Protein chains: 2
Amino acid sequence: MSDNSPIVFVVDDDPDVLKGLARLLRSAGLEVAAFSSPHAFLELHDSSAPGCLVLDLAMPGLNGLELQGALKAKGSAIPIVFLTGRGDIPMSVQAMKGGALDFLTKPVNDEDLLRAINAALEKDRIGRESRSELDEIQQRLSALTPREREVLTHVVSGQLNKQIANDLGTVEKTIKVHRARVMEKMKVNSVAELVRLTERLKTIE
Amino acid sequence: MSDNSPIVFVVDDDPDVLKGLARLLRSAGLEVAAFSSPHAFLELHDSSAPGCLVLDLAMPGLNGLELQGALKAKGSAIPIVFLTGRGDIPMSVQAMKGGALDFLTKPVNDEDLLRAINAALEKDRIGRESRSELDEIQQRLSALTPREREVLTHVVSGQLNKQIANDLGTVEKTIKVHRARVMEKMKVNSVAELVRLTERLKTIE
DNA sequence: CTCCCTGTTGGCCCAAAGTCTAATAACCCA
DNA sequence: TGGGTTATTAGACTTTGGGCCAACAGGGAG
């Protein structure tokens, strides 16, 4: 699929700043994609590609905070490092509340920026791993029939086959069959593992 | 024990500001405890009391960020709303990274402040509930003997009594006894519930 | 109309887990 | 030294869960 080396996306409307940032990051061994317009980035960005975003706050058309909101609305979880010269405290607070990883002010110390970017890339990697595990679980879950899903919820709540049968208006034998299919489709060998999978899904909702 | 109405702790070295804030919050129906020195608050603060903290940033002796750090080191999870007239962006970012709920600038809009405080109190309530549940689980866990704890970990990993016995160098019958005691002491009726409890503990570590 | 999926049920057998009573041994504390 | 905790094991019995084979009914797709 996509190559797995992360890309640092840089969005800044000042071409000189953009060029300077790109040079700095490339010299630090990072792969960089530079955008001079937030719209250009927003449209081209593939949220499945690993990386992070270095974002100027004040830009024409769509400012940094709006882009942050647009990305979130789009379902992208890319970690954002803000980098700005003209921000104020309320903006920085809004950005951080919105999940930004850091909020740096220009002129920025090179080491601070690189440290923030590396932290963002690490966060992206972790989040990506976690999401792919959750996707895998979701996929297994979607292979269940409606009845099997019902049985699943009763099983992970700790009920006996007998009780489940009673609740669902059927007999124990039937529940056993559904239950076996659930275990098979979810690829687990024990109720313990099954509960762990379902608990994993709850942590994000 | 402690009465359960939350208290808004206000710390500001300016007596006039302190008085004004206290009046505002009291008129909004909140219980207020005012401190003119961060040290005074730090020493008197009981982290088991429900409430939140409204904190000035610039104070002599111990500034807001340092107090935030000291509270965290002390194990207090009280939500903090910063309120300051002389802060800068790096400070606000540090505060937010440190877990502050909000970071407001003076002069502050009364409604903004009250909204932030109410959010902080709500967060405190939620966190308090969650922590007391975790404490309860920890307490049950501490009632287990070392051997029972060993058996517990094997059980929640989905192993059979037979396998556990083999791992621990004993026989299935012994495991059954330990297992029954674990279920009793943890106050659960099924492996599913047991797994849920142990997973709950992992989410915070 | 036939095939596949879904949901259902039965019988048979075995494995695993839970219950109850009872006993033994090591250990620490008073 | 006597008592409590912990860890161990035994026997006997019941309940629950899982595996295998087989069967039937309803509904949707080709």
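**Two chains, two DNA strands**

The surface near DNA strand C is made up of 5 nonpolar, 4 polar and 6 charged residues. The model is predicted.

Start with DNA strand C. It has 15 residues around it, and those that come nearest are Thr145(A), Arg147(A), Thr170(A), Thr174(A) and Asn161(B). Both chains supply elements here. Chain A gives two or more residues from each of α6 (146-156) and α8 (172-185). Chain B does so from α7 (161-168) and α8 (172-185).

Now turn to DNA strand D. Here, too, 15 residues lie around the strand. Nearest are Asn161(A), Thr145(B), Arg147(B), Thr170(B) and Thr174(B). On the chain A side, α7 (161-168) and α8 each supply at least two residues of this surface. On the chain B side, α6 (146-156) and α8 each do so. By class, the surface near DNA strand D holds 5 nonpolar, 4 polar and 6 charged residues.

Next comes the protein-protein interface. Chain B puts 21 residues in contact with 21 residues of chain A. On the side of chain B that touches chain A, at least two residues come from each of α4 (89-97), β5 (102-105) and α9 (191-202). The most come from α9(B), with 6 residues. That side of chain B divides into 9 nonpolar, 8 polar and 4 charged residues.

Methods:
Residues numbered from 1 in each chain as written. Chains lettered and ligands numbered in written order. Predicted model: local features only at pLDDT ≥ 70, side-chain atom pairs only at ≥ 80, totals over all residues. Near = placed C-beta within 6 Å. Helix = DSSP H or I, 4+ residues; strand = E, 2+ residues; numbered from the N terminus. Nonpolar A, V, L, I, M, F, W, Y, C, P; charged D, E, K, R; others polar. Contact = placed C-beta atoms within 7 Å.
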